[in-house]
Amino acid sequence: MQLLNNRSAQLRAPGKRVSRARVAVVRAAKTADGPRVAIVGVTGAVGQEFLTVLKERNFPYSDLKLLASARSAGQKQEFEGHTYTVQELTENSFKDVDIALFSAGGSISKKFGPVAVKDGAIVVDNSSAYRMTEGVPLVIPEVNPEAMSHIKVGKGGAIIANPNCSTIIALMAVTPLHRLATVKRMCVSTYQAASGAGAAAMEELRQQTRDVLDGKPAQPKIFPLQYAFNLFSHNSGMDVELGYNEEEMKLVKETRKIWSFPSVRITATCVRVPVMRAHAESINLEFENDISEAAALEALAAFPGVSIINDRQNNRFPTPLDATTKDNVFVGRVRRDISRDDNKGLDLFVCGDQIKKGAALNAVQIAELLLK
Ligand SMILES: NC(=O)C1=CN([C@@H]2O[C@H](COP(=O)(O)OP(=O)(O)OC[C@H]3O[C@@H](n4cnc5c(N)ncnc54)[C@H](OP(=O)(O)O)[C@@H]3O)[C@@H](O)[C@H]2O)C=CC1
Ligand SMILES: N[C@@H](CC(=O)OP(=O)(O)O)C(=O)O
């Protein structure tokens with residue numbers, strides 16, 4: 001296995017930027033001494049992206065098992081010159097698996113995660129099922145790899161949770177600043193893409209856009225409201241007492257766990273916007289210590305997996321399209337918060353591909369750590 005330093009993931013868009021990605025990439029692909037890998041939910045938006053990311057990163061595997069529901073069993077899937085048949089997920093699916101990448105929703109993870117662990121597999125779970133479970137590491141490899149350092153392939157089954165996509169994207173940008181000046185309070189507003197609600201929601205956005213442009217009524221199926229040419233409060237369950245939805249509370253709780261910082265103050269408002277697959281987030285930060293714009297930009301530029309687009313002269317800042325299909329999270333609008341008299345406040349605008357760094361890429365990076 002050869003470890004490479006990937007310095008090529010820079011965005012060459014007009015204006016100022018730019019940071020270097022320094023994420024270790026494992027080179028190999030199909031190889032006799034690689035782990036046996038299973039993908040649960042392979043026919044979904046994230047499942048398909050797992051295949052893309054495994055290929056892009058030449059992730060080593062000796063065997064690949066593609067799993068989905070009975071609806072998809074028998075489907076053929078080409079991958080790296082081989083034709084695989086999608087199999088129905090059952091209790092016997094994990095007998096010969098070392099790493100299982102789960103992305104079929106929380107109820108499937110709850111039912112089959114323990115089955116996989118019992119059979120000795122390490123589950124990297126994309127759902128929210130185990131994120132807040134004590135003893136289950138919740139990991140962003142650039143932020144807290146130490147949380148999973150005791151888990152390795154060949155040393156028994158375990159579950160590692162992949163954080164919520166909005167949380168991953170926010171913390172990729174905020175962690176280098178937190179390390180510099182300690183975040184006291186974070187206020188996040190999200191603009192979340194269709195992909196966060198799966199392949200069917202992406203199709204709903206395409207179909208409604210066509211229908212509305214053709215003068216036909218939009219037909220809501222996945223979301224309760226018209227999605228094309230509209231936006232609305234995130235579709236996750238609402239705590240009616242508190243007035244926060246589940247997505248907002250994930251940002252609060254998961255950040256505290258990932259940073260091992262239970263007292264950090266966080267508030268969030270999550271909104272679904274008609275964008276295909278990259279989330280955007282506006283973030284206001286209050287720090288314990290002084291932090292300048294220049295120091296913040298320097299810390300962001302040095303952080304692996306972050307690119308900067310921060311060109312005030314040309315009003316050029318990150319957009320969801322900049323981030324779409326990209327590994328890196330893009331950060332801009334870095335400015336001192338003028339509502340404060342001190343130098344302890346900053347604003348940022350962040351964009352990250354929800355399916356990639358927000359889901360499949362982060363999970364595959366976790367799997368790479370299992371091999372080191
Ligand atoms: N940040 C993160 O970590 C993110 C996590 N996710 C998680 O990943 C899950 C999937 O997301 P996404 O790919 O967008 O969703 P999709 O709706 O696009 O895909 C769902 C996948 O789950 C499979 N599935 C559904 N029911 C079963 C079943 N009974 N047995 C086996 N497989 C089943 C589907 O298979 P079939 O085609 O056969 O129905 C399909 O492959 C989400 O529910 C969420 O939990 C998603 C996005 C981000
Ligand atoms: N956060 C996704 C939904 C999702 O899959 O979240 P989670 O992985 O926390 O269940 C969205 O954009 O809506």
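I will talk about one helix pair and about the shell around ligand 1.

This is a predicted model, in which local features need pLDDT of at least 70 and side-chain atom pairs count only at pLDDT 80 or more, while totals for chains, interfaces and linings use all residues. Residues are numbered from 1 along each chain as its sequence is written, and chains are lettered from A and ligands numbered from 1 in the order in which they are written.

Let me begin with helix 1, residues 45-56, and helix 8, residues 356-370, where helices are DSSP runs of H or I with at least four residues, numbered from the N terminus. Their axes, which are lines fitted to C-alpha atoms over the stretch in contact, with angles from 0 to 180 degrees between N-to-C directions, come within 9 Å and cross at roughly 55°. The two helices are therefore oblique to each other, a term that covers angles not under 35 degrees, not over 145 and not from 65 to 115.

Turning to ligand 1, there are 28 residues around it, of which G44, S72, A104, S127 and G198 come nearest, and a residue counts as near if its C-beta atom, placed from the backbone, lies within 6 Å. Helix 1, helix 2 (106-118), helix 4 (199-213) and helix 8 each supply at least two residues of that shell, with helix 1 giving the most, namely 3 residues.

Finally, domain 1 (2-162 + 359-370) and domain 2 (167-354) both give residues to the shell, so ligand 1 lies between them; the domain bounds come from an automatic or database domain assignment.
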